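Colleague: I would like a close look at one part of this protein. Please pick a single helix and take me through what surrounds it.

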Amino acid sequence: MCAGCFIHLLADARLKEEQATCPNCRCEISKSLCCRNLAVEKAVSELPSECGFCMRQFPRSLLERHQKEECQDRVTQCKYKRIGCPWQGPYHELTVHEAECTHPTKTGNELMEILDEMDQTHKKEMQLYNSIFSLLSFEKIGYTEVQFRPYRTDDFITRLYYETPRFTVLNQTWVLKARVNDSERNPNLSCKRTLSFQLILKSKINSPMECSFLLLKGPYDDVKINPVIYHFVFTNENNETDYVPLPIIDSVECNKLLAAKNINLRLFIFQIQK
């Protein structure tokens, strides 16, 4: 089977608390048991496959180049996108559109409004990275590699959740928990899958502890995570954050995490000094 289907199959088995099995012969499968069949890969690369744009068939080995560079129906964007043109369409219509595009003839005032909107989007991105750089200048910074392990609740209808062993950062003891689709009853029936997590302070503290924190991918993972900074004031009475989204980019990346035996990420905690 292809890599995408393999990962999806492992993720479904994790959600249903079953051993993943081959859909054809029902033997048990896992990442450690499966290997690449190079002979079949080579044979498959020569088989015809349908272009997602023009529906013509090409050998798989040529399909990627065709879809990126040669297909006349591939989706493309107007060269005036940089000044706000939202058009996108098949490549063979690009020349006609650009000849008729109204954006080059817009007045300076009209273009300024468009560029202002684009600047606002860029400004939000820059604010995020500037915030991260500011946090890196804090006196008290801690980080660690965390490993989420899958568990099941004791409910009549069990639910999958994840939890890390206790770990120490900034001389305090912490735990991270995570859940799938906000503890939806049957996430295996959903095409859209998400993970959310909460940070829990296990130590007793003498005064409120104000922190910013974020999760990033681990050093040996390829999961795509967009950094998001979260903020919370920990006290002995209020030592658990709300569940917040793990900012993975889509359900495909979520399936990669669910298919893994453990989820390995890197946690950063920044203590805000008064």
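Modeller: What follows is a walk around helix H6 and then out to the aromatic rings. Keep in mind that this is a predicted model.

Start with the helix. H6 covers residues 251-259. Of its 9 residues, 7 are buried, so the helix is largely enclosed by the rest of the structure. The buried ones are Ser251, Glu253, Cys254, Asn255, Leu257, Leu258 and Ala259.

What covers them? Helix H1 (3-15) is part of the cover. So are strands, including S6 (160-163), S8 (172-180), S9 (195-201) and S13 (263-271).

Now the start of H6. Asp250 caps the N-terminal end. One of its side-chain oxygens lies 3.2 Å from the backbone nitrogen of Val252.

Next, follow the covering strands to their rings. The model has 8 aromatic pairs. Take Trp174 and Phe234: their ring centres are 5.1 Å apart and their planes stand at 80 degrees, so this pair is edge-to-face. Edge-to-face requires planes over 60 degrees apart. Trp174 belongs to strand S8, and Phe234 to strand S11 (residues 230-234), so the pair ties together parts 60 residues apart in sequence. Trp174 has 0% relative accessibility and counts as buried. Phe234 is buried too, with a relative accessible area of 0%.

A further pair links S9 to S11. Phe197 and Tyr230 have ring centres 5.9 Å apart and planes at 75 degrees, so they are also edge-to-face. Phe197 sits in strand S9 and Tyr230 in strand S11, so this contact ties together parts 33 residues apart in sequence. Both Phe197 and Tyr230 are buried.

Strand S8 and strand S9 thus appear twice: each helps cover the buried residues of H6, and each supplies a ring to a pair with S11.

There is also an aromatic cluster. Tyr143, Phe268 and Phe270 form it together.

Two arginines sit over tyrosine rings. The charged end of Arg179 is over the ring of Tyr243, 3.8 Å from its centre. The charged end of Arg74 is over the ring of Tyr91, 4.0 Å from its centre.

One annotation to close. UniProt, in an unreviewed entry, places a "domain: TRAF-type" feature at residues 27-85. In the model, that span is 32% helix and 15% strand. The C-alpha atoms at its two ends lie 53 Å apart.

Notes:
Residues numbered from 1 in each chain as written. Predicted model: local features only at pLDDT ≥ 70, side-chain atom pairs only at ≥ 80, totals over all residues. Heavy atoms only, no water. UniProt positions renumbered as here; feature names shortened; annotations may be inferred. Helix = DSSP H or I, 4+ residues; strand = E, 2+ residues; numbered from the N terminus. Buried < 20%, exposed > 50% of the residue type's maximum accessible area, 1.4 Å probe, protein only. Contact = heavy atoms within 4.5 Å. Polar contact = N/O pair within 3.5 Å; in protein donor to acceptor, adjacent residues only side chain to side chain. Phe/Tyr/Trp six-rings, centres within 6.5 Å; stacked < 30°, edge-to-face > 60°. Lys NZ or Arg CZ within 6 Å of the ring centre and 35° of its normal.
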